[in-house]
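Biologist: Got a minute for this one? I'd like to go through the model with you.

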Amino acid sequence: MHMSDDALIAALMEIERHVGHGGWDQPARLFALVPTAELLAAEPSLAEQLARPEAQPDDALSSIEQEGFNGGSEVMDALAGIGWPASVFGCAVALERLFVPPHVEDDLPEDPAEAETFVAHHPERQDVRVVVGVTRTGAQYGVARLKTRPEELLAAQDLVPGLAEVLSRTLTA
């Protein structure tokens, strides 16, 4: 089944909106992405939850949150241990990170724990929520929202390439 990048982007925007309703300071959250048409064929009762099921694009993707996921502080390690069944077309993760502007990065301590403390207490630090998704066809995309600019949604194909790479490996495991 060919999915357009638009379907992936729409699914990621929906996940970001869903996660955003819970506010900030949330743990990492993991989602399976499945073709909406297949999901509705398997579970017709879910059509009631869609605003306008007949208006869904043929290649729409639905996200299914993985309730048992506990990424802890090492989300990359937690993701490395996951393998999806063939019925899962793609996956996405939503997580929050702190960062500082590039001009401050030179001041970061070498020690990871000290660097984390430094960033957390820096007056110019920014909170960002990113949602990165990948599909079995090789598509990847990410969306992000800064806590200080909640009205803006940033988006790019290679927003967090390292995270997209780890997610892609979960589909081939």
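Modeller: Sure, we can take salt bridges, then open and closed spaces, then a few local details.

Modeller: Keep in mind that this is a predicted model.

Biologist: Noted. How many salt bridges does a search of the whole structure find?

Modeller: The search gives seven salt bridges. One of them joins Glu 65 and Arg 29, with the closest N and O atoms 2.8 Å apart.

Biologist: Which parts does that pair tie together?

Modeller: Glu 65 belongs to strand E2 (residues 61–65) and Arg 29 to strand E1, so the pair links parts 36 residues apart in sequence.

Biologist: And is Arg 29 buried or exposed?

Modeller: Arg 29 is buried, because its relative accessible area is 16% and the cut-off for buried is under 20%. Glu 65 is partly exposed, at 23%.

Biologist: Give me one within a helix. What does Glu 165 pair with?

Modeller: Glu 165 forms a salt bridge with Arg 169, and the closest N and O atoms are 2.7 Å apart. Both are in helix H6 (residues 161–172), four residues apart, so about one helical turn separates them. Glu 165 is partly exposed at 46% relative accessibility. Arg 169 is partly exposed too, at 48%.

Biologist: Which residues do shared partners join into one network?

Modeller: Glu 16, Arg 129 and Arg 145 are joined that way, through salt bridges.

Biologist: Any other bridge worth a look? What about Glu 152?

Modeller: Glu 152 meets Arg 149 in a salt bridge, 3.1 Å from N to O. Glu 152 is partly exposed, with a relative accessible area of 31%. Arg 149 is partly exposed at 38%.

Biologist: Back to Arg 129. What does its charged end sit over?

Modeller: The ring of Trp 24. The charged end of Arg 129 is 4.2 Å from the ring centre.

Biologist: And how many aromatic pairs are there?

Modeller: The count is zero aromatic pairs.

Biologist: Switching to spaces. How many cavities of 30 Å³ or more turn up?

Modeller: One, from a search of the whole structure. The space in the largest cavity is about 30 Å³.

Biologist: Which residues line it?

Modeller: The lining of the largest cavity is Val 19, Gln 26, Pro 27, Arg 29, Ala 94, Leu 95, Glu 96 and Arg 129. Strand E3 (residues 90–99) gives the largest share, three residues. By type, the lining has four nonpolar, one polar and three charged residues.

Biologist: So Arg 29 and Arg 129 come up again there. What about the largest pocket, how much space does it hold?

Modeller: About 840 Å³ lies in the largest pocket. Its lining has 24 residues, and Ser 73, Glu 96, Arg 97, Leu 98 and Glu 116 lie nearest the centre.

Biologist: Which elements supply at least two residues each to that lining?

Modeller: Helix H3 (75–80), E3, helix H5 (112–121) and strand E4 (126–135). H5 provides the largest share, with five residues.

Biologist: How do those residues divide by type?

Modeller: The pocket lining has 15 nonpolar, three polar and six charged residues.

Biologist: Last one, backbone. What is the phi of Asp 25?

Modeller: Phi of Asp 25 is near 65°, a positive value in a residue other than glycine. Most residues other than glycine have a negative phi.

Biologist: Where is Asp 25 found?

Modeller: Asp 25 lies in the loop between helix H1 (5–20) and strand E1 (29–35). Asp 25 is exposed, at 65% relative accessible area.

Technical notes
Residues are numbered from 1 along each chain as its sequence is written. This is a predicted model: local features need pLDDT of at least 70, side-chain atom pairs count only at pLDDT 80 or more; totals for chains, interfaces and linings use all residues. Side-chain values use heavy atoms; hydrogens and water are left out. Buried means under 20% relative accessible area, exposed over 50%, partly exposed in between (1.4 Å probe, protein chains only). On a 1 Å grid over the protein atoms alone, a cavity is a set of points where a 1.4 Å probe fits but cannot get out, and a pocket is an open set with protein on both sides within 12 Å along at least five of seven lines; lining residues have an atom within 4 Å of a point. Grid points are joined across faces, edges and corners, and a volume is the space filled by probe spheres set on the points. Ala, Val, Leu, Ile, Met, Phe, Trp, Tyr, Cys and Pro count as nonpolar, Asp, Glu, Lys and Arg as charged, and the others, Gly among them, as polar. Rings of Phe, Tyr and Trp (its six-membered ring) pair if their centres lie within 6.5 Å; planes under 30 degrees apart count as stacked, over 60 as edge-to-face and the rest as tilted. A charge sits over a ring if NZ of Lys or CZ of Arg is within 6 Å of the ring centre and within 35 degrees of the ring normal. A salt bridge is a side-chain nitrogen of Lys or Arg within 4 Å of a carboxyl oxygen of Asp or Glu.
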